[in-house]
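Please follow this explanation with the sequence and the three-dimensional picture side by side, and pause at each element as it is named. The path goes from one part of the fold to the next, a few elements at a time.

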Amino acid sequence: MKDDYILVIGLSPTLQKTLSFPAGWRGGEVNRTADSLLNASGKGANAARILAQQGYPVKLITQTGGPLEGYFVKEMEKEGVVVCACPGPTAIRYCTTLLSENPFSMTELVEEGETVPRETEEAVRREFSRRLEGSSLLVVAGSASPGFSPLIYKDFIGEAGRRGIPVIIDRHGPLLRELLGIVPLVVKINMYEFLLSYDDEGDVLQDVGEEEYEKIAELGGRMNREYGQCFVLTNGERDTLVIDGKGVESIPPVNAPVVNPIGCGDSVTAGVAAGLSRGLSLGDSARLGMEWAALNLARKEPGTTR
């Protein structure tokens with residue numbers, strides 16, 4: 001029997017350090033600030049927290065470890081997320097965001113995760129089997145840390161499909177091609193990631209211009225017709241494309257002051273999950289996600305709407 005919670009799995013948790021500096025700070029020199037934050041983060045954690053902040057029951061499966069694993073779990077639980085933690089010997093990685101004002105700039109320093117042992121994967125798989133049964137929707141968010149089987153997300157998505165549980169995935173790369181024809185998906189990624197994953201023609205530029213929209217719409221439409229995949233494709237300050245069996249819809253971004261963009265994509269993922277769980281169309285679910293992304297953009301804490 002379903003408990004109607006949204007199950008989020010994110011196997012690359014982080015502790016996000018956010019440092020804010022005034023105008024005029026310089027690289028290669030000592031720069032001091034008292035404006036700092038430390039937050040539980042990562043794609044899965046961000047999406048789960050935003051869902052909980054907006055009143056949706058949510059459970060997060062992730063591995064934990066290291067001296068601050070208790071801090072990570074408490075930070076999530078205080079927002080109402082049920083953390084299905086799988087403790088192990090590898091520490092949660094750190095990532096650092098450097099914010100600068102006037103003019104605004106953001107620099108992201110990403111630390112690669114430690115290699116997890118087989119025992120951690122076995123624990124994650126057991127936890128997934130326990131929690132999937134009661135869920136109404138599965139969200140697969142981000143990459144998996146080194147050491148996990150390259151098939152782990154494919155296995156989880158296949159199992160959800162066999163049980164008739166809808167799946168939203170925020171993950172690009174070869175995995176998406178491997179999932180073609182296995183189970184219908186909602187794929188929420190940005191347009192650059194979409195082209196990296198599906199387009200075989202030449203180099204892909206990270207700055208995807210609007211002149212590429214027609215090509216993206218055609219390619220996404222073909223994937224939908226042949227494999228049943230639906231898409232929510234974001235593109236920073238430009239319009240988002242929604243591609244499903246009804247056609248292609250263009251959704252403009254919601255205006256908001258730019259404070260910290262970290263977590264905006266995860267906000268869209270959370271909004272899409274929330275909307276679909278309520279029976280909204282994919283387009284309306286994407287609009288909800290764009291509204292939540294605007295709330296996130298205006299806050300200094302990453303992956304939060306309040």
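In this predicted model, helix α7, made of residues 213–227, lies across the strands β11, β12 (238–244) and β13, and its direction makes an angle of about 20° with that of β12. These three strands belong to an open sheet of 9 strands, whose order is β5-β4-β1-β8-β9-β10-β11-β12-β13 and whose pairing is mixed. At the edges of this sheet stand β5 and β13 (247–251), and because each has a single partner strand, one side of each is left without a neighbour in the sheet. From one strand to the next, the twist in this sheet averages 15°.

One pair within the sheet can be followed residue by residue. Strand β10, which covers residues 186–190, and strand β11, which covers residues 230–235, pair in the parallel sense over 5 bridges, and in this pairing Val-187 stands opposite Phe-231 of β11. In a regular strand the side chains alternate between the two faces of the sheet.

Towards the other end of the strand order, helix α2 lies across β4 (58–64) and β5, running at about 165° to β5. This helix also leads to another sheet, which is open as well and has 4 strands in the order β3-β2-β6-β7, again with mixed pairing. Here β3 and β7 (105–110) are the edge strands, and since each of them has a single partner strand, one side of each is left without a neighbour in the sheet. Neighbouring strands of this sheet are turned by 20° against each other on average, when direction is ignored. Helix α2, residues 69–77, packs on the sheet by touching β2 and β3, and its direction makes about 85° with that of β3.

How does strand β2 pair with β3, in the parallel or the antiparallel sense? The two strands pair in the antiparallel sense, over 6 bridges, and Leu-19 has Ser-36 in β3 as its bridge partner. With strand β6 (residues 93–100), by contrast, β2 pairs in the parallel sense over 8 bridges. Along this pairing, Thr-18 stands opposite Thr-97 in β6, while Phe-21 stands opposite Ser-100 in β6. A residue counts as buried when its relative accessible area is under 20%, and by that rule 7 of the 8 residues of β2 (residues 14–21) are buried, so this strand is largely enclosed by the rest of the structure.

The loop between β5 (82–87) and β6 holds Thr-90, a residue that counts as buried because its relative accessibility is 10%. If neighbours within four places in sequence are left aside, Thr-90 is in contact with Thr-64, Gly-65, Gly-66, Glu-114, Thr-115, Val-116 and Pro-117. Thr-90 also takes part in lining the largest cavity, together with residues including Pro-13, Gln-63, Arg-93, Gly-113 and Ser-145. The volume of this cavity is about 80 Å³, and the count of cavities of 30 Å³ or more comes to 1.

Among the pockets, the second largest has a volume of about 220 Å³. Of the 15 residues that line this pocket, Ser-149, Pro-150, Tyr-153, Arg-171 and Leu-175 are the closest to its centre. The elements that contribute two or more residues to its lining are α4 (152–162) and α5 (174–178), and the largest share, 3 residues, comes from α5.

Two further helices complete the walk. Helix α1, residues 43–53, is mostly covered, with 10 of its 11 residues buried, and the buried residues include Ala-47, Arg-49 and Leu-51. After α1 comes Gly-55, whose phi is positive, near 90°. Helix α8, residues 264–277, has 14 residues and reaches 20 Å from its first C-alpha to its last, which is close to the 20 Å expected at 1.5 Å a residue. This helix is mostly covered too, with 11 of its 14 residues buried, among them Cys-264, Asp-266, Val-268 and Gly-275. Just after α8, Gly-279 takes a positive phi of about 85°.

Terms used
Residues are numbered from 1 along each chain as its sequence is written. This is a predicted model: local features need pLDDT of at least 70, side-chain atom pairs count only at pLDDT 80 or more; totals for chains, interfaces and linings use all residues. Side-chain values use heavy atoms; hydrogens and water are left out. Buried means under 20% relative accessible area, exposed over 50%, partly exposed in between (1.4 Å probe, protein chains only). Two strands pair if DSSP finds at least two bridges between them. The expected span of a helix is 1.5 Å times one less than its number of residues. Axes are lines fitted to C-alpha atoms, for helices over the stretch in contact, and angles run from 0 to 180 degrees between N-to-C directions. Contact means heavy atoms within 4.5 Å. On a 1 Å grid over the protein atoms alone, a cavity is a set of points where a 1.4 Å probe fits but cannot get out, and a pocket is an open set with protein on both sides within 12 Å along at least five of seven lines; lining residues have an atom within 4 Å of a point. Grid points are joined across faces, edges and corners, and a volume is the space filled by probe spheres set on the points.
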